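Colleague: I am new to this structure and would like a close look at a single part of it, the place where the two chains meet. Please take me through it slowly and in connected prose.

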Amino acid sequence: MATEPSEGGLVFHPMDQFIVSPLFGDGAVSWYTPTNVTLWLAITVGVIALLLVRSTKEARVVPGKAQSIAELAYGFVYKMIVDVTGKDGIKYFPYIMTLFMFIVVANFLGLLPMSFTTTSHIAVTAVLAVAVFVTVTVLGFVLNGVSFLGMFWVQSAPLPLRPILALIEVISYFVRPVSHSIRLAGNMMAGHAVIKVFAGFAAIAAISPLSIVAITAMYGLEILVCFIQAYVFTILTCVYLRDALHPHH
Amino acid sequence: MANTTEAAHGAAGSHGADAAHGAAAGGHGAEAAGMPQLEFGTFPNQIFWLIVALVAIYFILSKVALPRIAGILADRQDAITNDIAAAEELKLKAHEAEAAYDKALADARSEAMRIANETRAAMQAELDEAIAKADADIGERAAESEKAISEIRASAMESVEAVAKDTTGALVAALGGTADEGRINAAVDARLKG
């Protein structure tokens, strides 16, 4: 529908926004090259510091706007951990808070025009998901020893079913990091690409009002998605952590 | 189709992620424009900088932000607890004050009652005395008046006698008799007594 040759001037580059390019010069991207990824990661770190450190500097008992946001974020993640994993999950609060703050801030920064969405890259979300997977697995074995494997042996099921369930459980356990990471990256990428496609249609004068309305609607949806995906990623991390802390549920 | 950048963009745009996925999987190198997410050449770079960023965030949060926010929340909790305790105390005090006020009010009321009763009794006594005195006065006056009246009556009687005698004398004289004073007096006295 989009780029039939007959439509001539219409050109869509919905994926160009995701291209990783060096900040200085045009050279190859090696592992240490400062790229637009580096820039936007740095901005993410800066915004988090501004939000959580700068705003709480005065430590007022009656909070201002920025301090309220910091306290809200703190309370939100804290409550999530206590609700999902119980009191003993609080030890891992800084870790989970790091994940949540990084994802939510990176997602929202990606909504700025001309910005680069770091969380739309599978490389980024895969690192986050694999880190969670490895942490949870190691933690599970360290805290529970071999009995951590009991998680896959469903005691409540009839005995003949147990081996089959165990197989399914093991597969689903190893699929976790894949779904965990692709869910976030996919949501971010799809939304941004769709906005870009609608923006491409704005080149046709007759369609442009519709295109602008569509972009606005998508943008509203994306704001929702940005928060929800950060929330989903964090709460799934909590759920996996609970498995490691209490494998016999 | 997949070899031209233009077409790859079109595929990604028109058929969404799946088409782009296919295009990228279909033999694109790192330079191809199918899906930048799948250009594995940029992975080390992204992963390296991501880890740097995550470590930075982790230290910012665990060393500065989270303890500080926890402190703020604890302080607030303390302040609220203190305020509630203070409010409880003030409430108790208010109850005490109210009780004291009620007691004072009751005391004042009974005192007022007592004073009123005393005053009433004193007034009653004074009144009784005054009435008794007045009664005595009135009695005395009445007795005096009685006496005066009886004196007046006696003198009036005397006057009547004198007038009667004079009249009788004059009548006798007018009828041509000679008035014998002794007889006239006797006759008048006899008539008056009768």
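Modeller: Before the helices are described, it helps to know that an axis here is a line fitted to C-alpha atoms, for helices over the stretch in contact, and that an angle runs from 0 to 180 degrees between N-to-C directions. Please also keep in mind that this is a predicted model.

With that in hand, the axes of α1(A) and of helix α2 of chain B, which covers residues 43-174, come within 9 Å and cross at roughly 10°. Angles under 35 degrees count as roughly parallel, and α1(A) is therefore roughly parallel to α2(B). On the side of α1(A), the residues that make this contact include Val37(A), Leu41(A), Val45(A), Ile48(A) and Leu52(A), while α2(B) contributes, among them, Asn45(B), Trp49(B), Ile57(B), Leu61(B) and Ala65(B). Sorted by class, the residues of the contact of α1(A) with α2(B) comprise 16 nonpolar and four polar ones, with no charged residue.

This pair of helices belongs to a wider interface, in which 46 residues of chain A are in contact with 40 residues of chain B. At least two residues of the side of chain A that touches chain B come from each of α1 (36-54), α2 (65-85), α3 (93-110), α4 (122-144) and α5 (162-201) of chain A, and α1(A) gives the most, with nine residues. Taken by class, that side of chain A has 34 nonpolar residues, 11 polar residues and one charged residue.

Turning to the partner, UniProt, in an unreviewed entry, places the feature "transmembrane region" at residues 47-66 of chain B. In the model, the chain over residues 47-66 of chain B is 100% helix and 0% strand, and the C-alpha atoms at the two ends of this stretch are 26 Å apart.

As for the rest of chain B, it has three helices and zero strands, which follow the pattern α-α-α when read along the sequence. Of its 194 residues, 16% count as buried, and, among contacts in chain B with a separation of 6 or more, 22% are between residues 24 or more positions apart. Helix α3 of chain B, residues 181-193, has 13 residues and reaches 18 Å from its first C-alpha to its last, close to the 18 Å expected at 1.5 Å a residue. The number of buried residues among the 13 of α3(B) is one, so this helix lies largely in the open.

Notes. Residues are numbered from 1 along each chain as its sequence is written. Chains are lettered from A and ligands numbered from 1 in the order in which they are written. This is a predicted model: local features need pLDDT of at least 70, side-chain atom pairs count only at pLDDT 80 or more; totals for chains, interfaces and linings use all residues. Two residues are in contact if their C-beta atoms, placed from the backbone, lie within 7 Å. Helices (H or I, at least four residues) and strands (E, at least two) are DSSP runs, numbered from the N terminus. Ala, Val, Leu, Ile, Met, Phe, Trp, Tyr, Cys and Pro count as nonpolar, Asp, Glu, Lys and Arg as charged, and the others, Gly among them, as polar. Angles under 35 degrees count as roughly parallel, over 145 as roughly antiparallel, 65 to 115 as roughly perpendicular and the rest as oblique. The expected span of a helix is 1.5 Å times one less than its number of residues. A residue is buried if 20 or more other C-beta atoms lie within 10 Å of its own, exposed if 12 or fewer, and partly exposed in between; C-beta atoms are placed from the backbone. UniProt positions are given in the numbering used here, feature names are shortened, and annotations may be inferred rather than shown by experiment.
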